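Work through the exercises below with the sequence and the model at hand. Each task is followed by a solution in steps.

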Amino acid sequence: MHGPMSRSAHSQDTSVTLESLRQRLLTVVTDAELADTFAILDRLDACSLVDQFPELIYVKDRRSRFVLANDATARANNIAHPVEMLGKTDFDLFERDVAEELFLAEQRMMSLGEAMTNVEHRLAFGGMSCWLQSTKTPLRDAEGRIVGLIGISRDITERKRQEDLRRGHARLLEMIARGQPLDKVLLSLVDLVEEELDDVVASVLLLDEGTDRLRHGASSSLPEAYVRMIDGLLIGPHAGSCGTAAWRREPVIVSNALEDALWEDYRELPQQFGFRSCWSTPIIGPDRRVLGTFALYSGSVREPTELELELTAMATDIAGIAIERMRAEERIRYMAHHDALTGLPNRALFWIQFNHILAEARREKRKVAVAYIDLDNFKQINDRLGHAAGDEVLKTIAERLPRCIRANDLIVRLGGDEFAIVFSLLGQGEEGVVRRMDELRAVISAPVMFESEEVHVTCSMGAAFYPEDGDTPEALLARADRAMYGAKNDGRDRLQVWTYAPASD
């Protein structure tokens, strides 16, 4: 096999089209004239045949120089005609380290005389990354000597992309199942999408529960300044791509943010940060609530490709699952540590936080007070007006008390009609705290409206102080409890501070 012969083959008259050959072959078949069939096939040279294949088909000599290449091979290498491939090597087409790896593999194969089958490798053609699956086999002459190789390479980029996507999808679902933090899951999701696309940046915004504002969720590539500027974005009918998508509950495709009316109030952002198009899709939960948005940014004026739309659909599904899982776990944790009726911390959370308050008090050498509160004659309210009235009283008191204490204080429903308050960071003496407790008793005693009827309730309160009355949460609460019972024994509707009384002989 020599170069001139290959050039001659490629330059033959190829005016015979496949359609004309098909018609003539049909005629031959019907006429059963095999001689004409062979005459037609003689018109098709080897190059004309291999040019019909979408796979890259090529022949190289013993020095790995191309001596034949089909149209697909030339197009993949951005070369106008297969003839221009002749005499070139991979060193003319690829980066040196890539070309060296290919060359050594081919030389090894020809030296051993063994074919390489279904080898997968990633190459860059014209700046575009591409996965190929190649089979190369030694080419022998009439005497059996290896004089080169024959190769065929199939583009498997789409297959590899789908495989990578499936693996990434599975990895994200596993992260969600294992309870990984939401920000970590969303960041991995953004990275997965950006790996599949060129010159596109992905972002997740989360709708803040109970508000109409979008908060930063995840982005690997958006400038930090831009992230800060859109954090807290108010959703609305003309709030850019993401704010509008959350408002409309449907995808919003903005191909030119410098001209689209939805970006009128945010026109400086694409100008400052260099993006031109932004396509945003709302993340919808199973109950049809908007959980956030997933957006893609591009530096060019255009609409999304089919691939970008496919990845967006995948991303919104995964993000929705992750957000719902996180919120479900938050609800479970909240229910485990809060009273279902009043929403106040329960005993489980009380002990944890009370221990923390005492630890700080020990370090800072300051006092802590605990008040034990029990509603007076609460059973009579339930018996006379029903449990619904009793529940309303408890909920109303639970709403009033937090408004009367400081952020560093702790309030808890211990159970039934019993509450406790821990006063930390005491700036005043015991007298000041006792005055605050009396004020709380007055707040509790204010009438509660139930079905147009005023319900009156009072409370008995006991108090104990750290470190005089105990140095553990259990000891302090027990002594405040005893003081509370002392207040009840003295006639109810009063406060009593724990006082140590030695046992009489």
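Two exercises follow, on a cavity and on a sheet.

The model is predicted, so local features need pLDDT of at least 70 and side-chain atom pairs count only at pLDDT 80 or more, while totals for chains, interfaces and linings use all residues. Residues are numbered from 1 along each chain as its sequence is written, and side-chain values use heavy atoms, with hydrogens and water left out.

**Exercise 1.** Describe the largest cavity and its lining.

Step 1. A cavity is a set of points on a 1 Å grid over the protein atoms alone where a 1.4 Å probe fits but cannot get out, and lining residues have an atom within 4 Å of a point. The search of the whole structure gives 1 cavity of 30 Å³ or more.

Step 2. The volume, meaning the space filled by probe spheres set on the points, is about 150 Å³ for the largest cavity. Its lining has 18 residues, and Y58, F66, D90, F94 and L123 are the closest to the centre.

Step 3. Strand 1 (56-61), helix 6, strand 3 (116-125) and strand 4 (128-140) each contribute at least two lining residues; helices (H or I, at least four residues) and strands (E, at least two) are DSSP runs, numbered from the N terminus.

**Exercise 2.** Which strands stand at the edges of the open sheet of 5 strands?

Step 1. The strand order is 13-14-12-17-18, with mixed pairing; two strands pair if DSSP finds at least two bridges between them.

Step 2. Strand 13 (410-415) and strand 18 (495-497) are the edges, because each has a single partner strand.

Step 3. Strand 13 runs antiparallel to strand 14 (residues 418-423), joined by 5 bridges. Within this pair, R413 has F419 as its bridge partner.

How values were computed:
On a 1 Å grid over the protein atoms alone, a cavity is a set of points where a 1.4 Å probe fits but cannot get out, and a pocket is an open set with protein on both sides within 12 Å along at least five of seven lines; lining residues have an atom within 4 Å of a point.
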